[in-house]
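Work through the exercises below with the sequence and the model open. Try each task before you read its solution.

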Amino acid sequence: MKVWVIVSILVGNLIVQATLFPFIELYGVKPDSLMILVVSFALLSGNPTSAVVGLGGGLLQDFLFGKGVGFYALQYMLVGYLVGLVYGRVFTDKLFVPVFFVSVSTILRGLFVFLWMYFAGLDVSLYWLSLKTILPEAIYTVILTPIVYHYMNRLYKHKFMSRRWHFD
């Protein structure tokens with residue numbers, strides 16, 4: 001049941017990103033709802049759930065929005081794994097915690113994209129990329145974080161979501 005709920009959330013997120021987000025785009029910047037979901041799963045469930053959610057959500061984005069397979073999957077899997085390392089070590093009931101991790105993760109993802117573009121030989125300034133994309137996207141994403149995290153936290157209060165995956 002838990003797996004199907006997570007898959008439904010990821011597919012629903014993909015549909016919202018493809019249909020609704022182009023209409024709420026501000027100056028070419030859209031919120032990163034998958035980042036909010038991956039960080040929420042990481043804080044509420046830890047690893048390996050968060051890394052698998054990041055990988056699955058990233059692959060869905062790769063298939064729909066990407067030019068190749070693995071670009072988004074790698075980014076979100078790393079974010080899910082790294083934030084999942086703090087599972088059980090931070091107080092997840094405070095809204096400041098997911099807001100902090102989403103903002104840091106969004107900025108780190110932007111820096112990852114910058115490094116990717118740099119090594120691909122594209123002439124991109126980190127200053128320009130930060131001002132035009134990374135910081136506005138982080139702010140826009142952080143604004144939506146309390147709303148999404150509130151519903152994810154309520155979802156994780158159900159018994160079927162609290163079971164951990166075991167690979168025995």
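**Exercise 1.** Where is the place of Tyr-27?

Solution. Tyr-27 sits in the loop between helix H1 (2-19) and H2. Helices here are DSSP runs of H or I with at least four residues, strands are E runs of at least two, and both are numbered from the N terminus. This is a predicted model: local features need pLDDT of at least 70, side-chain atom pairs count only at pLDDT 80 or more, and totals for chains, interfaces and linings use all residues. Residues are numbered from 1 along each chain as its sequence is written, and side-chain values use heavy atoms, with hydrogens and water left out.

Next, take the backbone. Tyr-27 is not a glycine, yet its phi is positive, about 55 degrees. Most residues other than glycine have a negative phi.

Last, take the exposure. Tyr-27 counts as exposed because its relative accessibility is 84%. Exposed means over 50% relative accessible area, buried under 20%, and partly exposed in between (1.4 Å probe, protein chains only).

**Exercise 2.** Find the loop that holds Pro-48, then describe the peptide bond from Asn-47 to Pro-48.

Solution. Start with the loop. Pro-48 lies between helix H2 (33-45) and helix H3 (49-65). Then check omega. The bond from Asn-47 to Pro-48 is cis, with omega near 0 degrees. Most peptide bonds are trans.

**Exercise 3.** Is Thr-145 buried or exposed? Name the residues that Thr-145 touches.

Solution. Locate the residue: Thr-145 belongs to helix H6 (residues 126-155). Its relative accessibility is 0%, so Thr-145 counts as buried. Now list the contacts (heavy atoms within 4.5 Å). Leaving out residues up to four places away in sequence, Thr-145 touches Ile-36, Pro-98, Val-99 and Val-102.

**Exercise 4.** How many helices and strands are in the chain? Assess its overall dimensions.

Solution. Count the elements: seven helices and zero strands. In order from the N terminus, they run α-α-α-α-α-α-α. The radius of gyration of the chain is 16 Å, close to the 15 Å from the globule rule for 168 residues, so the chain is as compact as a globular protein of that length. That radius is taken over C-alpha atoms, and the rule is 2.2 Å times the number of residues to the power 0.38. The C-alpha trace spans about 50 × 30 × 30 Å along its principal axes.

Finish with burial and contacts. Of the 168 residues, 43% count as buried. Among contacts with a separation of 6 or more, 75% come from residues 24 or more positions apart.
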